[in-house]
Amino acid sequence: MPHALVVDDEADAAEMMAAMIATEGFTVATAGSLRDARRQLALQEPDVVLLDLMLPDGSGMQLFEDAKALANTEVVLITGHASLDTSIQALRMGAADYLVKPVNMKQLSGILSRLIKPATLQAEASTLLDGLEREGHFGQLWGRSPAMRRIYEQILRVSGTAVTVFITGESGCGKEVVASTVHDLSRRRNRPFLAVNCGAISPHLIESEIFGHEKGSFTGADRQHQGFFERASGGTLFLDEITEMPLDLQVKLLRVLETGTFMRVGSTQLIDTDVRIIAATNRSPEQAVRSGKLREDLLYRLNVFPIHLPPLRDRAEDVPLLAEHFLEEISRREGQPRRWSQQALARLQAYRWPGNVRELRNIVQRAYVMATEPVIVDDCLPTAEAPLPVMSGAPVLQIRVGTPLAEVERQVTLSTLEYLGRHKERTAATLGVSLKTLYNRLKEYATVPMKDSESDSETTTSP
């Protein structure tokens, strides 16, 4: 049976917690001081130590001074109140998580269910670093540049803790991939990872989507709805483009982070939440605060462990590796292998990549579609001065002057889709958009009636 040690100078609280832990299938010992704790550690190595920071003969932090005593033991801090200082303290000391008094049984049970030996985490880290040297990737992240190696070090440092992570970087850098990697290496890996783009949800619906709602709470609410906090229970919630979240909802998010509870829209009942938050933005957080897009107090609460992703232009040495990886993926999926010429790789590496990794992936897809030979030459690729070439032999779409831009986009998208035999991936690559964007457009077009102006356009074969 797994073994736990509760270190708390309040005897009643320690015994109550020991009884709760015993119901989870643990044997439990208690200690009321640092001296007692060291004696218990010498008698039997515990799988987990629940450690109160305030002890009669010193601070609980002093237990960390003997690295060997806790080398293969999880440590969960016990604190009187949750705060930013507590989160930072937990991280610095290497604690896996922390509990707020009075201890909530549901939260305690969740922590105990996620226990993973530190030696196991260290072995996983070694495997990932070996893969980095052999193949050039760290999990789902690709690149061997010094800038990316620093990112990997940060991920390894923070993934084993429970603290909040704030990822910044330009659009297309891979912030969601970083968040997913942190989750995959965390103790929450067997629970959901949900990603929410705060800028893609209507301001009128975002509160309901995040916190859920009760039946009848507003017009159209014909049933109870579980929000992202409930659906991600025990796992990780990734809030992308957090600066696009309405300010009144930022207040409610801050309250969840501070209290660990929330209410569905239309309800007065508090619900406990056990979710790790990872937030991200492509803006400067400080500038977002100055411009009124992000609450300063929320920034402090989210920015416990910041990770800044470099733009692709600042790690140009990774471009050939990424291009080879994306091309191999497409070749395997399409069943027709292609490879890069050296000139093509050099041209890719010289490009500035304003759209970052997302743009590179789209251009690789387009180059694969346009290539007529097994070797992709640089004629298919962009330069810093020129856009991608147009597909030769493609039909020409004639549109009347004055047609709304949204209608032009619709006609070009649908015509390209038909020309490419309704192959969605090739269509997305040709248009220079992500496959997700294409699906969103097609879904929108299916729900919006055809405009009369469509009859004003015609497709002709180019000479």
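Which strand holds N197? In this predicted model, N197 is found in β11, the strand that covers residues 193-197. With a relative accessibility of 32%, N197 counts as partly exposed, because that value lies between the 20% cut-off for buried and the 50% cut-off for exposed.

So much for its setting; next come its partners. Setting aside neighbours within four places in sequence, N197 is in contact with D240 and E241. The side chain of N197 also reaches the backbone nitrogen of G199, at 2.9 Å. Then there is A280: 83 residues separate N197 and A280 in sequence, yet from C-alpha to C-alpha they are 9.5 Å apart in space.

Now for the sheet around N197. Strand β11 belongs to an open sheet of five strands, lined up as β11-β12-β15-β10-β16, with parallel pairing. At the edges sit β11 and β16 (305-308), each of which pairs on one side only. Neighbouring strands of this sheet are turned against each other by 20° on average, if direction is ignored. As a bit of background, strands of a sheet pair through backbone hydrogen bonds, and they do so in either a parallel or an antiparallel way.

Further into the same topic, β12 (residues 236-240) and β15 (residues 276-281) run parallel and are joined by four bridges. For L239, the bridge partner in β15 is A279.

Elsewhere in the chain, two helices pack together. Helix α1 (residues 11-22) meets helix α4 (residues 105-113) at an angle of about 55°, and their axes are 10 Å apart. That angle makes α1 oblique to α4. The crossing in which α1 passes α4 is right-handed. As for the side that α1 brings to this pairing, M17, M20 and I21 meet M105, L108 and L112 of α4.

Finally, there is D8, placed in the loop between β1 (3-7) and α1. Is D8 buried or exposed? D8 counts as buried, because its relative accessibility is 2%, and the cut-off for buried is under 20%. Not counting residues up to four places away in sequence, D8 touches A13, A14, A31, G32, D52, L55 and K101. With K101, D8 shares a polar contact of 3.2 Å between the two side chains. The side chain of D8 also reaches a backbone nitrogen, that of E10, at 2.9 Å.

Notes
Residues numbered from 1 in each chain as written. Predicted model: local features only at pLDDT ≥ 70, side-chain atom pairs only at ≥ 80, totals over all residues. Heavy atoms only, no water. Buried < 20%, exposed > 50% of the residue type's maximum accessible area, 1.4 Å probe, protein only. Contact = heavy atoms within 4.5 Å. Polar contact = N/O pair within 3.5 Å; in protein donor to acceptor, adjacent residues only side chain to side chain. Pairing = 2+ DSSP bridges. Axes fitted to C-alpha atoms, helices over the stretch in contact; angles between N-to-C directions. Parallel < 35°, antiparallel > 145°, perpendicular 65-115°, else oblique. Left-handed = near helix turned anticlockwise from the far one by under 90°.
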